[in-house]
Structures are given as C-alpha cells and as structure tokens.
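Got the viewer open and a fresh selection panel ready? Let's take a walk through this one, stop by stop.

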Amino acid sequence: MCLAVPGRVTEIGERDGTRMAVMDFGGVVKDVCLEYLPDLAVGEYAIVHVGFALQRLDEESARRTLALFEELGLLQEEFGDPWEAAEAAGAVGETEEAGR
C-alpha cells in the first residue's frame with residue numbers, strides 16, 4: 001500500500017535545480033520534492049505521496065493523522081525496512097529455497 005503521509009518540513013534546499021525538503025514523518029526522515037508547493041516553509045506540514053509534497057496541512061490534522069497511522073501500524077508498513085517485511089512474510093526464505 002502506498003499512502004499520502006503528513007510530514008513536517010525540517011530543512012529546505014535545492015538539489016540539481018529542484019526545491020527539496022527534509023521532512024519528518026513521526027520520526028522517519030525523508031527527502032521530499034517541493035515543486036508542487038514551492039512556498040512551503042520550515043516548520044509547516046504537508047501531505048506527501050511518492051516523494052512529492054502535494055498539499056499544505058495544519059499541524060493538528062497532521063499530528064492526529066500520524067498518531068492514527070502509527071496506531072494502525074501503517075507508518076511501519078509505509079516506511080519500514082522492505083527486507084524485514086519480506087522476511088516476516090516468509091518471502092525471502094521461499095525465494096532462496098526456490099533458487100536451490
């Protein structure tokens with residue numbers, strides 16, 4: 001599943017002519033493109049989908065949504081280690097055995 005997740009801007013810079021931000025998603029930090037929200041500022045919140053900030057969001061809504069996602073385990077699902085998830089599902093062991 002791929003969610004649109006609220007995050008808070010912690011840094012803003014430019015990379016190869018593109019306005020980028022470092023954003024905090026409840027403790028998970030990722031680089032995000034700001035081309036759709038060029039006036040987003042440090043400390044503000046936005047909904048992010050596949051690495052793009054899409055819509056500004058107020059802090060209260062962002063915090064409530066992050067808390068709900070965490071409670072439901074969706075933050076781990078969205079940002080967790082894909083190898084860890086595959087091992088937990090048994091996919092890595094099955095793949096290794098199929099190759100033998």
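What follows is a list of stops, each with something to select and a note on what is there. Keep in mind that this is a predicted model.

**Stop 1: the loop after β1**

Start by selecting D16, which sits in the loop between β1 (5-15) and β2 (18-25). Check its backbone: phi is near 55 degrees, a positive value in a residue that isn't glycine. For context, most residues other than glycine have a negative phi. Is D16 buried or exposed? Its relative accessibility is 77%, so D16 counts as exposed.

**Stop 2: β2 and β3**

Now move along to β2 and color it together with β3 (residues 28-33). The two strands pair in the antiparallel sense, with 6 bridges. If you want one position to click on, take M20, which stands opposite C33 in β3. Then go to the turn: β2 and β3 make a hairpin with 2 residues between them. G26 is in that turn, and its phi is positive, about 60 degrees.

**Stop 3: β4 and its two partners**

Select β4 (45-49) next. How many of its 5 residues are buried? The count is 4, so call this strand mostly covered. On one pairing, β4 runs antiparallel to β1 over 4 bridges. Click P6 to see an example: its bridge partner in β4 is I47. In the other pairing, β4 goes with β5, again in the antiparallel sense, over 5 bridges. Here H49 is the residue to click, with F52 as its bridge partner in β5.

**Stop 4: the β4-β5 turn**

Stay with that pair and zoom in on V50, in the loop between β4 and β5 (52-57). β4 and β5 form a hairpin with 2 residues between the strands. V50 has a positive phi of about 40 degrees, although it is not a glycine. With a relative accessibility of 56%, V50 counts as exposed.

**Stop 5: R56 and its acidic contacts**

Follow β5 along to R56, which is in that strand. Relative accessibility is 34% here, so R56 counts as partly exposed. Which residues does R56 touch, leaving aside those up to four places away in sequence? Show L37, D39, L40, E44, Y45 and A46. Two of these deserve a distance label:

- The R56 side chain makes a polar contact of 3.3 Å with the side chain of D39.
- The side chains of R56 and E44 are joined by a polar contact of 3.1 Å.

While you're here, draw a C-alpha to C-alpha line from R56 to Y45: they are 11 residues apart in sequence and 5.9 Å apart in space.

**Stop 6: D58, on the way into the helix**

Next, pick D58, in the loop between β5 and α1. At 43% relative accessibility, D58 counts as partly exposed. What does its side chain reach at the start of α1? A side-chain oxygen of D58 comes to within 3.3 Å of the backbone nitrogen of E60. Turn on S61 as well, since the side chains of D58 and S61 are joined by a polar contact of 2.8 Å. Looking back along the chain, E44 is 14 residues from D58, and their C-alpha atoms are separated by 7.7 Å.

**Stop 7: helix α1**

Select residues 59-72 to get all of α1, which has 14 residues. Try the length check: at 1.5 Å a residue the helix should span 20 Å, and its end C-alpha atoms are 20 Å apart, so the two agree. Now show the buried residues of α1: S61, A62, L66 and F69. They cover an arc of only 125 degrees around the axis, which puts them on the same side of α1. Spin the view to the face turned away from that buried side, and you'll find the exposed residues R64 and E71.

**Last stop: just past the helix**

Finish by clicking G73, just after α1. Which sign does its phi have, positive or negative? Positive, at about 80 degrees.

Key. Residues are numbered from 1 along each chain as its sequence is written. This is a predicted model: local features need pLDDT of at least 70, side-chain atom pairs count only at pLDDT 80 or more; totals for chains, interfaces and linings use all residues. Side-chain values use heavy atoms; hydrogens and water are left out. Buried means under 20% relative accessible area, exposed over 50%, partly exposed in between (1.4 Å probe, protein chains only). The expected span of a helix is 1.5 Å times one less than its number of residues. The arc is that of the directions from the helix axis to the C-beta atoms. A polar contact is a pair of N or O atoms within 3.5 Å; within protein, one must be able to donate a hydrogen and the other to accept it, and residues adjacent in sequence count only if both atoms are side-chain atoms. Contact means heavy atoms within 4.5 Å. Two strands pair if DSSP finds at least two bridges between them.
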